Structure formats: structure tokens, C-alpha cells
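Subject: Structure handover and notes

Dear colleague,

I am passing the structure below on to you, together with a written account of what was found in it. Please look through it first, and then read the notes with the structure open beside you.

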Amino acid sequence: MLSRHRELKMNIECKNVTLGYENRIVAKNVNFSINQGDYLCIVGENGTGKSTLIKTLLGLISPLQGKISINAEKSKKGIGYLPQQTQAQRDFPASVWEVVLSGVLNTRHKSPFYSKEDKKEAMVNLEKLGIAHLKKHCYRELSGGQQQRLCIARALAVEPDVLLMDEPFGALDAVTRARLQDLVRELWTRDEKKKTVFFVTHDVDEALLLANRILVLGQSPSHIIYDVKITEELHPTRDTLFENIDMMKLRITLINQINKDVTTHI
């Protein structure tokens with residue numbers, strides 16, 4: 001069951017959720033709640049149901065059991081989605097400008113016409129992501145990093161309360177990935193009304209750099225095996241990640257949790 005409410009104190013809640021396809025159970029008895037403005041990373045090995053959970057939060061599939069609640073101010077219109085880079089659409093409209101506006105058209109209203117506010121917001125997001133100068137370029141003319149910047153701009157165009165991100169930087173080179181990680185974290189940090197971010201990754205270091213809370217999914221049929229919050233005072237930067245003793249201890253703990261769980265299922 002997927003329900004949505006207007007109160008924004010808690011944005012996402014999963015209660016005794018079981019996920020799966022046909023006769024295969026992917027995740028079982030998943031329980032967690034996410035407060036408004038949290039930047040949560042969910043970490044796990046391939047096959048632990050991370051992407052399935054994202055699809056369920058998007059309403060694309062229904063849980064086999066349990067309940068998922070999403071408190072987004074504008075219902076589905078308040079949810080932005082950034083897929084894996086390799087899943088980025090190849091049939092996007094001709095120009096970068098049309099890609100961003102298509103996000104508005106698909107989620108904010110039924111009218112085929114854009115308002116001045118729509119166009120202003122689209123340009124603001126292109127400028128935030130540093131690709132306004134590519135406004136007239138085709139999607140396929142862009143580099144991988146530019147394509148993901150565009151996908152972020154498109155997700156932000158709907159002014160979401162909740163932003164779902166499914167390993168969005170996994171297929172990028174290390175330098176581009178680092179730049180986009182820093183950019184997304186910066187956009188979230190300086191936003192006066194912080195979006196609730198649900199970020200899927202299998203990279204522990206990425207989670208430590210981005211999140212203020214990390215959940216670890218165990219092996220399939222998976223459930224939450226570890227849950228930790230990181231205060232802003234302790235949150236590392238890219239320069240201090242491997243110098244911060246507390247973060248290094250947490251890094252080791254997260255890796256050990258994953259490895260221990262893998263070992264018990266071999």
C-alpha cells in the first residue's frame with residue numbers, strides 16, 4: 001500500500017515492507033522513517049533491493065506487504081527522480097532547454113504551455129548546475145557529466161519536496177563523479193528549505209561524503225542491518241574524509257557490517 005499525506009514533519013516511512021517480483025522476494029520486513037530535510041544514503045551490495053525500493057517509493061511497483069507513506073506537499077508533483085546514468089533517456093527532446101521544461105510539463109500541470117515562472121525556474125536550475133550555456137545543445141551532444149547535470153536540473157525543475165536518486169553517478173569517471181557529488185551536496189546544504197534526499201549507492205565513501213544518515217541493506221531477501229546518523233559538526237569534507245578519526249571508524253564499521261553480512265550468506 002502506498003499512501004501520501006500533507007504534513008511534512010516526516011517525509012518517508014516504511015512499515016514492515018516486503019518487496020519482490022512474482023515468486024521472488026527481494027526485501028523483507030524493511031522498517032525506517034526519514035524526517036523532512038534529511039539526506040539519507042542507503043548502502044548495499046548489488047541485488048539487495050535498493051533500486052526496487054526506489055521504484056516502490058516512486059509508485060511504479062507496489063509492496064507485497066506493509067505500507068509506504070510519502071509526505072510530499074504536492075503529492076507526486078513533489079517528488080523528483082534521478083535515475084542511474086546508464087538509464088538516462090535517449091529519447092529526450094531535442095535541446096537541453098526542452099529537457100528541463102519537459103520535467104515541468106510531465107509533473108506540474110496538464111497544460112502543454114509553459115508559464116513565465118516555469119521558464120524562469122528552468123533557467124535558474126540550469127544556471128545552478130552550470131549548463132545554462134548549453135541551453136540549445138542536444139542531449140546526445142553532451143558528455144556523461146553534462147547529461148547527469150541536465151538530469152539533476154530536470155529533477156529539480158518540479159520543485160520537489162523529496163528527491164530520489166538511484167546511483168546517479170555510478171557510471172561516471174572519478175573526477176566528474178567527485179564534482180557532481182560536491183555539487184549536489186552544496187545545493188542541498190545551501191537550500192533554505194532542505195529537500196529530503198533518498199540516495200541509493202553501493203559506495204560507502206560516497207555515502208559518508210553526502211549523507212547525514214546512512215542505512216545499510218543486508219543480502220537478499222534484505223532488511224536494514226545498520227542505521228547511523230551523522231551530525232553536521234562531524235560531517236567530513238572531501239579533504240578531511242580520511243583524516244577524520246570518527247569518520248574513519250564509521251567507514252570501517254560500515255564496511256565490516258556489509259562484509260560480515262555477505263559472509264553469513266555464502
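The notes below go from the whole chain to its sheet, its helices and a few single residues.

Please keep in mind throughout that this is a predicted model. The protein has 7 helices and 10 strands, and of its 266 residues, 50% count as buried. The area that the protein exposes comes to about 13,300 Å², and carbon and sulfur atoms supply 50% of that area. Among contacts between residues at least 6 apart in sequence, 74% join residues that are at least 24 apart.

A good place to begin is the sheet, in which 6 strands are arranged in the order E6-E7-E8-E4-E9-E10, the sheet being open and its pairing mixed. Strand E6 (79–82) and strand E10 (224–229) stand at the edges, and because each has a single partner strand, one side of each is left without a neighbour in the sheet. On average, and with direction ignored, neighbouring strands of this sheet are turned by 15° against each other. Within the sheet, strand E4 (residues 39–43) pairs with strand E8 (residues 196–201) in the parallel sense, over 5 bridges, and in this pair Tyr 39 stands opposite Val 197 of E8.

Helix H1 (residues 50–57) packs on this sheet, where it touches E4, E6, strand E7 (162–166), E8 and strand E9 (213–217), and the direction of H1 makes about 150° with that of E8. H1 is mostly covered, since 6 of its 8 residues are buried, namely Lys 50, Thr 52, Leu 53, Ile 54, Thr 56 and Leu 57. Just after H1 comes Gly 59, which takes a positive phi of about 85°.

Two other helices can be described as a pair. The axes of helix H4 (residues 144–156) and helix H5 (residues 174–190) come within 10 Å and cross at roughly 20°; since an angle under 35 degrees counts as roughly parallel, H4 is roughly parallel to H5. The crossing of H4 and H5 is right-handed. On the H4 side, Gly 145, Gln 148, Arg 149, Ile 152 and Leu 156 take part in the meeting of the two helices, and on the H5 side they meet Thr 176, Arg 179, Leu 180, Leu 183, Val 184 and Leu 187.

Finally, some single residues in strands E2 and E3 deserve a look. Most residues other than glycine have a negative phi. Asn 16, however, has a positive phi near 50°; this residue is placed in strand E2 (residues 10–21) and is partly exposed, with a relative accessible area of 45%. Asn 29 likewise has a positive phi, in this case near 55°, and lies in strand E3 (residues 24–35), where Asn 29 is partly exposed at a relative accessible area of 43%.

Is Thr 18, which is also placed in strand E2, buried or exposed? At 4% relative accessibility, Thr 18 counts as buried, because buried means under 20% relative accessible area. Leaving aside neighbours within four places in sequence, Thr 18 is in contact with Ile 25, Ala 27, Lys 28, Asn 29, Pro 63, Leu 64 and Gln 65, so that Asn 29, with its positive phi, appears again among the contacts of Thr 18.

With best wishes

Conventions
Residues numbered from 1 in each chain as written. Predicted model: local features only at pLDDT ≥ 70, side-chain atom pairs only at ≥ 80, totals over all residues. Heavy atoms only, no water. Helix = DSSP H or I, 4+ residues; strand = E, 2+ residues; numbered from the N terminus. Buried < 20%, exposed > 50% of the residue type's maximum accessible area, 1.4 Å probe, protein only. Pairing = 2+ DSSP bridges. Axes fitted to C-alpha atoms, helices over the stretch in contact; angles between N-to-C directions. Contact = heavy atoms within 4.5 Å. Areas by Shrake-Rupley, 256 points an atom, 1.4 Å probe, with all protein chains shown as cover. Parallel < 35°, antiparallel > 145°, perpendicular 65-115°, else oblique. Left-handed = near helix turned anticlockwise from the far one by under 90°.
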